[in-house]
Amino acid sequence: MEQIRSATAAAVICRQLAISFDEVVVKFGDFHAMGPTSLDVRHGEFLAIVGPSGCGKSTLLNLVAGTLVPSSGAVAYKGNGVAGINHDVGYVTQKNYCLPWRTVEGNVRLPLEFRNVPPADAREQVRDALAMVGLLGFEKAYPKQLSGGMQQRVAIARTLAYRPSVYLMDEPFGSLDAQLRTRMHEELLKIWQETGATFVFVTHDLQEAITLADRVVVMSKRPGIPKLVVDIDLPRPRDIIDIQASPAFGAYFKTLWAALDVH
Ligand SMILES: Nc1ncnc2c1ncn2[C@@H]1O[C@H](COP(=O)(O)OP(=O)(O)OP(=O)(O)O)[C@@H](O)[C@H]1O
Ligand SMILES: [Mg+2]
């Protein structure tokens with residue numbers, strides 16, 4: 001009886017998880033890149049991952065997207081093992097590729113075409129996404145006519161237009177200036193609040209991680225493993241300027257900074 005009850009409880013917990021890494025190790029030949037990593041991401045959670053370059057942050061996202069298979073261990077997505085490319089997630093990769101032969105509008109519309117979204121709905125979703133990243137008016141431009149930061153925003157809009165329930169974002173705001181970054185933070189927090197979507201957000205920027213996340217995972221140097229997980233207990237909805245000025249914010253920053261292997 002006890003066993004049945006705990007099996008049921010385990011199944012319920014599993015359904016509540018958006019993503020689960022169970023003792024996952026990634027090797028490229030003899031090169032031990034990451035793990036063993038065990039980490040759960042709850043539905044609706046905003047999880048940030050920080051850690052030194054090369055520790056395996058992008059690798060973790062690639063495992064969830066199904067573009068990489070673990071050498072050992074298991075990765076589950078919404079309760080099922082990831083097998084093949086995971087079309088359910090929205091992935092803003094570290095290298096934001098725009099298709100050079102498509103306009104801004106055409107790039108953002110691409111995933112909607114794959115999903116056969118009716119043209120009128122697609123137009124609205126593309127427009128909303130471009131408004132969120134501040135690119136209205138550039139619909140007909142080609143990527144080569146845009147700056148690096150603008151191209152990055154096209155790639156972000158492409159994921160936003162798709163309205164996934166799980167977002168994987170790999171340093172999505174790296175080439176944006178401080179003002180645009182803050183604006184994008186506000187947009188993301190709004191999307192998170194309104195949609196209940198799950199976010200796994202990789203960044204080098206501790207301030208960005210604390211501002212956005214419910215939990216911040218600090219990875220160790222390669223082969224990366226989660227060495228510290230910090231709950232960010234700051235009030236929501238978050239006013240970015242207010243929380244960044246709060247003493248609690250400074251305390252989180254100190255804790256996370258101390259855990260990062262920066263030398
Ligand atoms: N396809 C691959 N073949 C061989 N080695 C790889 C491959 N992909 C990643 N690696 C190695 O695995 C390690 C982890 O890479 P990963 O890209 O996940 O790091 P990261 O934490 O995202 O780093 P950064 O912060 O610089 O983006 C690195 O040492 C990298 O060189
Ligand atoms: Mg990376």
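Biologist: Which oxygen contact does the side chain of T59 make with ligand 1, and what makes it a polar contact?

Modeller: An N or O atom in the T59 side chain sits 2.6 Å from an oxygen atom of ligand 1. A polar contact is a pair of N or O atoms within 3.5 Å (within protein, one must be able to donate a hydrogen and the other to accept it, and residues adjacent in sequence count only if both atoms are side-chain atoms), so the T59 pair qualifies. This is a predicted model: local features need pLDDT of at least 70, side-chain atom pairs count only at pLDDT 80 or more, and totals for chains, interfaces and linings use all residues. Residues are numbered from 1 along each chain as its sequence is written, chains are lettered from A and ligands numbered from 1 in the order in which they are written, and side-chain values use heavy atoms, with hydrogens and water left out.

Biologist: Where does C55 touch ligand 1?

Modeller: Through its backbone: an N or O atom there lies 3.2 Å from a ligand 1 oxygen. H204 has a polar side-chain atom 3.2 Å from an oxygen of ligand 1.

Biologist: Why is C55 called buried?

Modeller: Its relative accessible area is 0%. Buried means under 20%, exposed over 50%, and partly exposed in between (1.4 Å probe, protein chains only), so C55 is buried. C98, at 14%, is buried too.

Biologist: How do you know how many disulfides there are?

Modeller: A search of the whole structure looked for pairs of cysteine sulfur atoms within 2.5 Å, and found zero disulfides.

Biologist: What makes a nonpolar core, and how many residues has the largest?

Modeller: Such a core is a set of buried Ala, Val, Leu, Ile, Met, Phe, Trp, Tyr and Cys residues joined through side-chain atoms within 4.5 Å. The largest has 52 residues, and I156 is among those with the most contacts inside it. Apart from that core lies another, of 28 residues, including C55 and Y77.

Biologist: What is I156 in contact with?

Modeller: Contact means heavy atoms within 4.5 Å. Leaving aside neighbours within four places in sequence, the partners of I156 include V92, M169 and F173.
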